[in-house]
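The following exercises concern the packing of helices. Please work through each task before reading its solution.

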Amino acid sequence: MGFIVSPEDELAQLKQDFEEFAYIVSHDLKAPVRAINNLSMWIEEDLGDQIPEDVQQNMQLLRNRAMRMERMIEALLQFSRVNRSELEINKVDTAVLLQEVKAKLPKPDAVALEVLPSLPTFKTYGAKLERVFTHIISNAYTFAQKPVTTIQVAVKEEEGFYRFSFADNAQGMPAEALKKIFKLFYTVAPKDTVDTCGAGLAITKKIVQFVGGKIEAMQNQMGGTTLTFTWPKAL
Amino acid sequence: MSEKLVNVLLVEDDEVDIMNVQRAFKKNSITNPLFIARNGLEALEMLRTEQVPFPHIIILDINMPKMNGLEFLKEVRDDEKLKSASVFVMTTSNEDSDKLKAYNLNVAGYILKPLSFEKFISSVATLNSYWKLCERP
């Protein structure tokens with residue numbers, strides 16, 4: 001008697017393998033990165049005043065890249081955990097949640113939220129929705145080169161879903177970039193100019209897909225980007 | 001009155017992480033004797049043969065070859081002579097399951113290895129003042 005493996009089972013197994021892989025890789029990768037960081041500090045320390053300026057500069061670059069790698073590993077870990085973490089279901093007032101997300105930003109005043117009335121309150125994965133809001137809002141203002149980024153938030157009701165849209169007036173992005181922004185570690189601006197590793201929207205997409213929704217990005221009339229995603233009314 | 005220095009057993013397999021602790025001790029002028037075991041088995045052997053004199057505390061990594069930190073902890077808690085040991089976990093594992101398992105085995109603390117050496121120095125300084133405060137049998 002042979003085993004009959006359904007495509008669904010196979011898919012589930014593949015998914016699980018992938019998540020385990022990402023978890024193990026990211027864990028075991030952290031140790032050498034930390035070692036590189038520490039060793040560069042110690043080399044500098046041991047050379048003391050003898051250290052030539054260009055060597056010191058290179059050491060700083062080395063640590064900067066090590067830190068970027070650490071951030072990427074952390075992001076990979078978060079990405080791999082989407083399907084198995086933050087599964088608590090609670091009642092979420094999305095209007096309140098948006099304000100909480102804004103308040104937790106490094107510079108809350110750099111974002112002006114224009115929220116349309118009638119944002120829903122419903123039972124869902126609160127922590128996941130918060131993560132989605134956080135990534136979308138941080139993304140808009142990290143890449144905006146202006147003192148205050150305005151983000152218009154609206155919700156439409158659809159059959160079984162809410163459709164949230166976040167329209168920003170940041171500098172926008174070229175049409176060909178719109179699809180790529182959901183790829184892990186893709187950034188529109190060079191990674192040297194912004195302090196990001198380009199994982200926020202990839203994680204966002206994975207969360208939205210996990211709950212059965214869809215996400216897309218488009219250019220808007222304010223010259224910025226509008227991110228739209230659907231989220232189920234009930235789980 | 002002379003202050004009796006507690007012996008520190010570091011259970012760690014990574015050479016650089018060992019140097020990390022040694023450097024942090026030096027930076028904080030911590031003069032406690034430092035013993036090093038490269039995995040849980042080696043650590044058990046050192047404790048059971050009394051190579052690490054009492055009083056002692058243990059700084060424990062989780063991911064290690066041969067016998068990992070949690071397996072080692074379980075052995076320690078099951079051993080009549082060793083079970084009262086203060087153990088501080090120092091690891092890269094930010095997994096809730098690891099934290100829970102460690103606290104269920106009565107660890108004195110669970111510390112995440114920070115990326116920066118400065119932060120590590122200050123965590124070791126805090127540990128030092130903490131274990132100085134603690135009374136031991």
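**Exercise 1.** In this predicted model, determine the handedness with which H1(A) passes H2(A), and state how the two helices are oriented relative to each other.

*Solution.* Step 1. H1(A) passes H2(A) in a left-handed crossing. Step 2. The axes of helix H1 (residues 7-47) of chain A and helix H2 (residues 53-81) of chain A cross at roughly 165 degrees and come within 9 Å. Step 3. Angles over 145 degrees count as roughly antiparallel, and therefore H1(A) is roughly antiparallel to H2(A).

**Exercise 2.** Identify residues through which H1(A) meets H2(A), and classify the contact by residue character.

*Solution.* Step 1. On the H1(A) side, the contact residues include A:Ala22, A:Leu29, A:Val33, A:Ile36 and A:Ile43. Step 2. On the H2(A) side, A:Met59, A:Leu62, A:Ala66, A:Ile73 and A:Phe79 are among them. Step 3. The residues of this contact divide into 14 nonpolar, 5 polar and 5 charged.

**Exercise 3.** Describe how H1(A) is placed against H1(B), giving the angle and distance of their axes, the handedness of the crossing and the residues that meet.

*Solution.* Step 1. The axes of H1(A) and helix H1 (residues 15-27) of chain B come within 10 Å and cross at roughly 45 degrees. Step 2. This angle makes H1(A) oblique to H1(B). Step 3. The crossing of these two helices is left-handed. Step 4. From H1(A), A:Ala35, A:Asn38, A:Leu39 and A:Trp42 meet B:Val16, B:Asn20 and B:Arg23 in H1(B). Step 5. Sorted by character, the residues of this contact comprise 4 nonpolar, 2 polar and 1 charged.

Technical notes:
Residues are numbered from 1 along each chain as its sequence is written. Chains are lettered from A and ligands numbered from 1 in the order in which they are written. This is a predicted model: local features need pLDDT of at least 70, side-chain atom pairs count only at pLDDT 80 or more; totals for chains, interfaces and linings use all residues. Axes are lines fitted to C-alpha atoms, for helices over the stretch in contact, and angles run from 0 to 180 degrees between N-to-C directions. Helices (H or I, at least four residues) and strands (E, at least two) are DSSP runs, numbered from the N terminus. Angles under 35 degrees count as roughly parallel, over 145 as roughly antiparallel, 65 to 115 as roughly perpendicular and the rest as oblique. A crossing is left-handed if the near helix is turned anticlockwise from the far one by less than a right angle, and right-handed if clockwise. Two residues are in contact if their C-beta atoms, placed from the backbone, lie within 7 Å. Ala, Val, Leu, Ile, Met, Phe, Trp, Tyr, Cys and Pro count as nonpolar, Asp, Glu, Lys and Arg as charged, and the others, Gly among them, as polar.
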